[in-house]
Amino acid sequence: MTIYLNGQFMPLEDAKIPVLDRGFIFGDGVYEVIPVYSRRPFRLEAHLQRLQHSLDSIRLDNPHSISGWTAIIGELIARNTPDDQYLYLHITRGVARRDHPFPNPAVPATVFVMSNPLLPPASDLCASGVDAVTAEDNRWQRCDIKAISLLPNVLLRQKAVDAGSAETVLIRPASNETPAFLTEGAASNIFVVKNGVLLAPPKNHLMLPGITYDVILEIARANSIPCQIRTIAATEVFDADELLLTSSTREVMAITRLDGKPVGNAVPGPMFKQIYQHYQDFKMNVMRASHE
Ligand code: PDD
């Protein structure tokens, strides 16, 4: 596997970073995950825009222009074997003596990009759906930043693995003003289906603005699927007809059991089937267009 590190392409085994890198010491950095289908990055512009939002939010200058990123990404895709890949972009505040404030003067950012094979979710999981568990969303108030400091997400996701499940659905606890509500998954966005309506939590500082989330809403609008973007109470999650999980690496999947109880009829429902099919068609059309 060929990776990119600070201006050079090299085998993964040769990539080294100093132990004083602020990513290693403080988790001081941001990342992106970009799917690549038929060697074409999917929704590249949207991913680079979200990267810019993350960098702006942590007050780190973007080390590359859009055309600079496009060139690095294009070359990395070409240097790796699979046609379908996912790219991991990782930018940290660089290497400096350990001290919490930003290095002054600033030091060069560390920029790392790798490619991994992208395997679509197994067909049996698309047919059966997956199990999920719920947990209290105890993360910070800036979940819109795709930060590399992912310890809360790691711990929350492990709860699902410990329960033999595929994902943890996160619920912010009730406060004086609001009842408990859905935010997202530990590494995905979550949609609720009730009475034929697709419900999506609004993008705000408590969830990552998913690129796949946007694709699903575009699909819904283009196909006259009723949808609402609004706060979703925890009770609505437990009472859902269907639950959908979305991410760049898992595309769209049906959650058919939640906390060991069936969701709807415990099989992928009509909304999932419709959206899944549209997603596959949409992907194919975009890829076909980008080859023309
Ligand atoms: N994660 N919410 C969280 C917390 C996530 O980590 C992710 C994706 C998403 C979905 O975003 P998108 O549709 O843009 O992939 C939502 C990636 C895949 C990861 O960390 O590996």
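In this predicted model, the loop between β3 and β4 (40-41) contains R39. This arginine is worth a second look, since R39 is not a glycine and yet has a positive phi of about 70°. Another backbone feature turns up in the loop that links β5 (85-92) to β6 (110-117), where P105 is found. Here the peptide bond leading from N104 to P105 is cis, and its omega is near 5°.

Attention can now turn to the ligand. The space that the ligand takes up is the largest pocket, and 19 residues surround the ligand there. Y31, R50, E184, T212 and S248 are the closest of these. Sorted by character, the shell consists of ten polar, six nonpolar and three charged residues. Domain 1 (2-117) and domain 2 (123-288) each give at least three residues to this shell. Looking at the secondary structure, at least two shell residues come from each of β3 (29-37), β9 (181-185), α6 (211-222) and β13 (242-247).

Which side chains place a polar atom beside an oxygen atom of the ligand? R50 has a polar side-chain atom 2.8 Å from a ligand oxygen, and for T212 the corresponding distance to an oxygen atom of the ligand is 2.5 Å. A nitrogen atom of the ligand also has a partner, with an N or O atom in the side chain of E184 lying 2.6 Å away. How much of the ligand does the protein bury? The ligand taken alone exposes 480 Å², and 89% of that is buried by the protein.

Notes
Residues are numbered from 1 along each chain as its sequence is written. This is a predicted model: local features need pLDDT of at least 70, side-chain atom pairs count only at pLDDT 80 or more; totals for chains, interfaces and linings use all residues. Side-chain values use heavy atoms; hydrogens and water are left out. A residue is near a molecule or strand if one of its heavy atoms lies within 4 Å of it. A polar contact is a pair of N or O atoms within 3.5 Å; within protein, one must be able to donate a hydrogen and the other to accept it, and residues adjacent in sequence count only if both atoms are side-chain atoms. Accessible areas come from the Shrake-Rupley method with a 1.4 Å probe; for residues, only the protein chains shown count as cover. On a 1 Å grid over the protein atoms alone, a cavity is a set of points where a 1.4 Å probe fits but cannot get out, and a pocket is an open set with protein on both sides within 12 Å along at least five of seven lines; lining residues have an atom within 4 Å of a point. A molecule sits in a cavity or pocket if more than half of its atoms lie within 2 Å of its grid points. Helices (H or I, at least four residues) and strands (E, at least two) are DSSP runs, numbered from the N terminus. Ala, Val, Leu, Ile, Met, Phe, Trp, Tyr, Cys and Pro count as nonpolar, Asp, Glu, Lys and Arg as charged, and the others, Gly among them, as polar. Domain bounds come from an automatic or database domain assignment.
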